[in-house]
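Reader: I am new to this structure and would like a close look at one part of it. Please begin with a short view of the whole, and then take me through that part step by step.

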Amino acid sequence: MPPVVKNRLVAGVTSLVAIALLVLAVPRTISAFVTIPSGPVMIKLQLLQPVVSEELDTLIGSQRRALNWDSRGRTRTDLGLAHLLMADQRPRDDFRWRENMDEAIESLREGLALAPANPYAWTRLAYAETQLNGWSPASIAALRLAFITAPYEPRLALSRLRLSFLAWPHMAPEDRQLVFQQIRHTWNNSPRELTVLALDLRVANLVRAALLTSPDDLIDFEKRLSNQAR
């Protein structure tokens, strides 16, 4: 092949690749642009700061507009979170509570179908399913996947344990083993918070059972229980 022809061929292929990359980048760029108004709201949520319904409306609107350009799982799970928080701000006898909870579950499911390795979204789905339908097979399955996708996630430990303690009567033996593992991990990182949670939900015996393999930890737990009960 003559050098001139070869160079033109390479240049043509390079141009096609560049155009393809540009076309692929445009939707995400527009998506990022339309979500700018929700940026401060997301920062507050990441810092665990309270948000009001008007801010959640902004977040919901931005995420919906973003879905017109970018259907990533994260966009959908963020939308699900916004609907879930909005539902939590409404009384249960408000018809909008059911609407927000339905929207939350749908968005979380869709987002997880696209990006399943998200323990936060699985935990939120477990909570939403429970709020709407009680401890159903779907809620237990979501909680199980919350553990499987990130067994040792400190920021999720206490919230997942709270759900697990409430779900305990409905859990299969293999799910209970996941909870025991989480109890032991949480004890190593947050013994005081775990003790308070155990007292609050009256599940000290479950924590005792998980700590049986470590007598020193069990003794420490009993001391903390006694001190908290005073």
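Author: Residues 24 or more positions apart in sequence account for 59% of the chain's contacts with a separation of 6 or more, a contact meaning heavy atoms within 4.5 Å. The model is predicted, so that local features need pLDDT of at least 70 and side-chain atom pairs count only at pLDDT 80 or more, while totals for chains, interfaces and linings use all residues. Residues are numbered from 1 along each chain as its sequence is written, and side-chain values use heavy atoms, with hydrogens and water left out.

The chain has a mean pLDDT of 82, with 77% of its residues at 70 or more, where pLDDT is the predictor's confidence in each residue, from 0 to 100. Over residues 15-34, however, pLDDT stays under 50, and the model has 11 contacts beyond four places in sequence for that stretch. The chain holds 12 helices and 0 strands (DSSP runs numbered from the N terminus, H or I of at least four residues for helices, E of at least two for strands). Of its 230 residues, 40% count as buried (under 20% relative accessible area, with exposed over 50% and partly exposed in between, using a 1.4 Å probe and protein chains only).

The part to look at closely is the pair formed by helix 11, residues 204-211, and helix 12, residues 215-229, which pack at an angle of about 160° with their axes 9 Å apart. The axes are lines fitted to C-alpha atoms over the stretch in contact, and the angles run from 0 to 180 degrees between N-to-C directions. Because of this angle, helix 11 is roughly antiparallel to helix 12 (angles under 35 degrees count as roughly parallel, over 145 as roughly antiparallel, 65 to 115 as roughly perpendicular and the rest as oblique). Helix 11 brings Ala204, Val207, Arg208 and Leu211 to the contact, while helix 12 brings Pro215, Asp217, Leu218, Phe221, Glu222 and Leu225. Sorted by class, the contact of helix 11 with helix 12 has 7 nonpolar, no polar and 3 charged residues (Ala, Val, Leu, Ile, Met, Phe, Trp, Tyr, Cys and Pro count as nonpolar, Asp, Glu, Lys and Arg as charged, and the others, Gly among them, as polar).

For comparison, the axes of helix 9, residues 173-189, and helix 10, residues 191-201, come within 6 Å and cross at roughly 125°, which makes helix 9 oblique to helix 10. Ile183, Thr186, Trp187 and Asn189 of helix 9 meet Pro191, Leu194 and Thr195 of helix 10 there, and by class the contact of helix 9 with helix 10 has 4 nonpolar, 3 polar and no charged residues.
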